[in-house]
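Biologist: Please take a close look at the aromatic rings of this model, and at what surrounds them.

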Amino acid sequence: MNIGFPAVLVEGDVVLRPYKRSDLRDWVEVRSYNETWLRQWEATPPASWAELNSPTAFRLIRRAMRRAAKEGESMPFAICLRDRGRERLVGHINLGSIVRRAFSSAYCGYWIDSRVAGRGIMPTAVALVVDHAFGPGRLHRVEVNIRPENKPSRRVVEKLGFREEGYHPHYMYIDGAWRDHIGYALTWEDVVAEGGLLARWRRRHG
């Protein structure tokens, strides 16, 4: 059983929902278009970008996400943007490595289509996921680890008021080398008095 998942989270034109089979074409198009934008920040793949972002890859990834979600290890959401009556897939956000009991924590990872970056979609998505984690998901802490060079991603969590907690040398193998990361985190106590992270984000940024 996965507490808090599946779920659909909505704020304005931003919709977070579980993946569907019908997302295949949009996922492949977005991932293929954004190879240069994304591959520098993602774990070094054992195959070509085309192979790892093919229709076959989507089916395997979706199956793995469903299995991890069913086992309570993650909450994977497609980030969609409502556009002229349809939901356009523009990114991904996941609460992964979920640990319950005394720890009650998860790691958050995400990516966004470069064609819609800078429009507030990702901060909104992160705020939605964090509020869901602290509410229906019954978690206490959400962590995000980001390469120091990834300024757009760092801006997302810094805008939302995540606390910088540490520097992790040689943390993950990305783009052909072991890369350092900066650790950020929020706990339930950081946002509960403000009505949640999304409410705080709305007040600060409109």
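Modeller: There are four aromatic pairs in the structure, where a pair means rings of Phe, Tyr or Trp (its six-membered ring) with centres within 6.5 Å, called stacked if the planes are under 30 degrees apart, edge-to-face if over 60 and tilted otherwise. The model is a predicted one, so local features need pLDDT of at least 70 and side-chain atom pairs pLDDT 80 or more, while totals for chains, interfaces and linings use all residues. Numbering starts from 1 along each chain as its sequence is written, and side-chain values rest on heavy atoms, without hydrogens or water.

One aromatic cluster is made up of Tyr19, Trp27 and Phe58. Two other rings carry a charge over the face (NZ of Lys or CZ of Arg within 6 Å of the ring centre and within 35 degrees of the ring normal): Arg31 lies over Trp111 at 4.9 Å from the ring centre, and Arg115 places its charged end over Tyr33, 3.8 Å from the centre of that ring.

Tyr19, from the cluster, also helps to line the second largest pocket, an open set of 1 Å grid points that has protein on both sides within 12 Å along at least five of seven lines, with lining residues having an atom within 4 Å of a point. Tyr19 shares that lining with Asn2, Phe5, Pro6, Pro18, Arg62, Met65, Arg66, Ala69 and Pro76, and helix 4 (residues 55-70) contributes the most to it, with four residues, a helix being a DSSP run of H or I of at least four residues. By class, seven lining residues are nonpolar, one is polar and two are charged, with Tyr, Phe, Pro, Met and Ala among the nonpolar types and Arg among the charged.

Technical notes:
1 Å grid on protein atoms, 1.4 Å probe; cavity = no way out; pocket = protein on both sides within 12 Å on 5 of 7 lines; lining within 4 Å. Helix = DSSP H or I, 4+ residues; strand = E, 2+ residues; numbered from the N terminus.
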